[in-house]
Amino acid sequence: MTQPTQPSPQPPARPAEAQRLGELLRTPGYRKTLVFCGLIGIPVSLAAFWFLAGIHKLESLVWVDLPHALGHDAPPWWWPLPLLLVSGVCVGQIVTRLPGAGGHIPASGLHAGGPGAAALPGVILAAVFSLPLGATLGPEAPLIALGGGLAIALRHLTGTPETPMSTALLGAAGAAAAIATIFGNPLVGAVLLMEVVGVGGPRLFAVMLPALLASGIGSLVFSGFGRWTGLGTGDLQLKASPQFPRLDVGDVAWSIVIAVVLAVGVHLIQYGGRLTAVQVARRPLTVTTLSALAAGVCAAAYALGTGRSPADVASSGQATLGQLAGDPHAWGVGALIAVLLCKGAAFSLCLGSLRGGPIFPSLFLGAAAGVLCSPLPGLGIGPGLAAGMAAATVTAMRLPVSSVVLVVLVLGSTEMIPVTIIAAVVAFVTAELLPPGPPIPPVGRNPRPTAPAP
């Protein structure tokens, strides 16, 4: 009697997500948009470069050349007052008179995509009258708006119809190309935009946080911890990077404390920025001018009290961060406390009134806090810097993976990755559990909708 033949095993069905991706890749319109997104990186990167070069040239002119021409070796203590008064008046006029309100309000967080072509002049002008004149903000938000806006404005070159999907793709691609210019690393730009766009939604963060935390703690097994020398398995590092001491119990324990404290502190700064933005929406020109002038007062008070340059407060902190990390012992305890208080207050005022981004000021505040805490027993400067920058940046941006990648890039070493991850996750969870700030009402002509309170 013949045995019945067994049916041959069938290959597993292709997942539905993979099927949808394959169908999407076969769509001529998507392939055409994909090619255009690759090509658009060239003009967007060039535009971003010249934008940054112009901002840096103006900043050098205002803060270095002009004081020297007036007989000052460095900007005097009162220097930020007239500059930020002019900044507040000009940005207030741009917000009320030009389409797009000069770009989104920094207190509402980073936004993907870009404004329409009509709003781009206002975005550029608001950044020019904010950043070089002493706003405590970074250039990343105007860069995102510039890159996304240019990509969307050049949409007609693709010949594809205007759809929500093509708009999102072009906006994200242009923004990523522009933001990579300032970080000098395309990976940071890509990761940052993926988190800003919110790929995967809240569910992604719910899965990502435990995975990120587990990988950070688990990496201590290989990197070493205290007397534990670690298990070497080889790595992909080809170029030697600065060596930090091996992490110890105190480094990890203090990084958790620093993360909680900084999360509360930076959240309060953002809360103040949102309160300022609410008042700006009611009286744009008046409150913008007064807020900018108050930020100048913070910088002047810092210079009077410490004898240091007011540019430590009245700037994004990008240049000062390198000075602080390169020679942290040049800053006394009093100067560190003063810069944290004064720059934090100026940052809060500028978040709600002027135009720019939150990344570099938060990086500097985190670094200053880390250096201030580094004499604590069992904590070194390297772990203090890593924990402080990660905690402050993730609280300001609410983008945990981007914050970790950015801090590792700034440090130029992988030794501090465990502390960076732990501090970022702890600060992110702490900030999310704090009461949200007030919603920001729209302001100006044809304003873009703002994000909900973080």
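Is G380 buried, partly exposed or exposed? Select G380 to start. G380 is partly exposed, with a relative accessible area of 26%. Keep in mind that this is a predicted model.

**Stop 1: G380 and W254**

Stay on G380. This residue lies in the loop between α14 (359-373) and α15. Now add W254 to the selection. Along the chain, G380 and W254 are 126 residues apart. Their C-alpha atoms are separated by 9.9 Å.

**Stop 2: the nonpolar patch**

Select I42, L46, F49 and W50. Together they form a nonpolar patch on the surface. Their accessible area adds up to about 480 Å². To place the patch, click L46, which lies in helix α2 (residues 28-69).

**Stop 3: two tryptophans in a row**

Go next to the aromatic pairs. The structure holds three of them. Select W78 and W79, which form one such pair. The geometry is tilted, with 50° between the planes. Centre to centre, the distance is 5.5 Å. How do the two rings differ in burial? Check each in turn. W78 is partly exposed, with a relative accessible area of 35%. W79 counts as buried, at 4% relative accessibility.

**Stop 4: A101**

Select A101. What is the sign of phi at A101? Phi is positive there, about 55°, although A101 is not a glycine. The residue lies in the loop between α3 (80-97) and α4 (120-128). At 3% relative accessibility, A101 counts as buried.

**Stop 5: I144 and A172**

Select I144, in helix α5 (residues 140-153). Its relative accessibility is 1%, so I144 counts as buried. Add A172. The C-alpha atoms of I144 and A172 are separated by 8.5 Å. Along the chain, the two residues are 28 apart.

**Stop 6: the cysteines**

Color the cysteine sulfurs. How many disulfides are there? The count is zero, because a disulfide needs a pair of cysteine sulfur atoms within 2.5 Å. Take C298 as a case. The cysteine sulfur nearest to that of C298 belongs to C342, 6.1 Å away. C298 is therefore in no disulfide, since the cut-off is 2.5 Å. At 17% relative accessibility, C298 counts as buried. Select C373 as well. C373 is partly exposed, with a relative accessible area of 22%. The cut-off for burial is 20%, so C298 at 17% and C373 at 22% get separate labels.

**Stop 7: R308, D312 and W331**

Select R308 and show the side chain. Which ring does the charged end of R308 sit over? That ring belongs to W331, and the charged end is 3.8 Å from its centre. Now add D312. The side chains of D312 and R308 meet in a salt bridge, at 3.0 Å from N to O. Side chains of opposite charge can pair when their charged atoms come close. Compare the two partners. D312 counts as buried, at 6% relative accessibility. R308 is partly exposed, with a relative accessible area of 26%.

**Stop 8: K343 over F364**

Select K343 and F364. K343 lies over the face of F364. The distance to the ring centre is 5.2 Å.

**Stop 9: R398 and E432**

How many salt bridges does the structure hold? It holds two. For one of them, select E432 and R398, whose side chains meet at 3.2 Å, N to O. This pair links distant parts of the chain, 34 residues apart. E432 sits in helix α17 (residues 417-433). R398 sits in the loop between α15 (381-397) and α16 (400-411). At 41% relative accessibility, E432 counts as partly exposed. R398 counts as buried, at 8%.

Keep R398 selected and turn to the backbone. Phi of R398 is near 60°. That is a positive value in a residue other than glycine.

**Last look**

Show R398 and A101 together. Each has a positive phi: near 60° for R398, about 55° for A101. Both lie in loops, R398 between α15 and α16, A101 between α3 and α4. R398 is buried at 8%, and A101 is buried at 3%.

Key:
Residues are numbered from 1 along each chain as its sequence is written. This is a predicted model: local features need pLDDT of at least 70, side-chain atom pairs count only at pLDDT 80 or more; totals for chains, interfaces and linings use all residues. Side-chain values use heavy atoms; hydrogens and water are left out. Patches are made of residues with over 30% relative accessible area and no salt bridge: like charges are joined within 9 Å, nonpolar side chains (Val, Leu, Ile, Met, Phe, Trp, Tyr) within 5 Å. Accessible areas come from the Shrake-Rupley method with a 1.4 Å probe; for residues, only the protein chains shown count as cover. A salt bridge is a side-chain nitrogen of Lys or Arg within 4 Å of a carboxyl oxygen of Asp or Glu. Helices (H or I, at least four residues) and strands (E, at least two) are DSSP runs, numbered from the N terminus. Buried means under 20% relative accessible area, exposed over 50%, partly exposed in between (1.4 Å probe, protein chains only). Rings of Phe, Tyr and Trp (its six-membered ring) pair if their centres lie within 6.5 Å; planes under 30 degrees apart count as stacked, over 60 as edge-to-face and the rest as tilted. A charge sits over a ring if NZ of Lys or CZ of Arg is within 6 Å of the ring centre and within 35 degrees of the ring normal.
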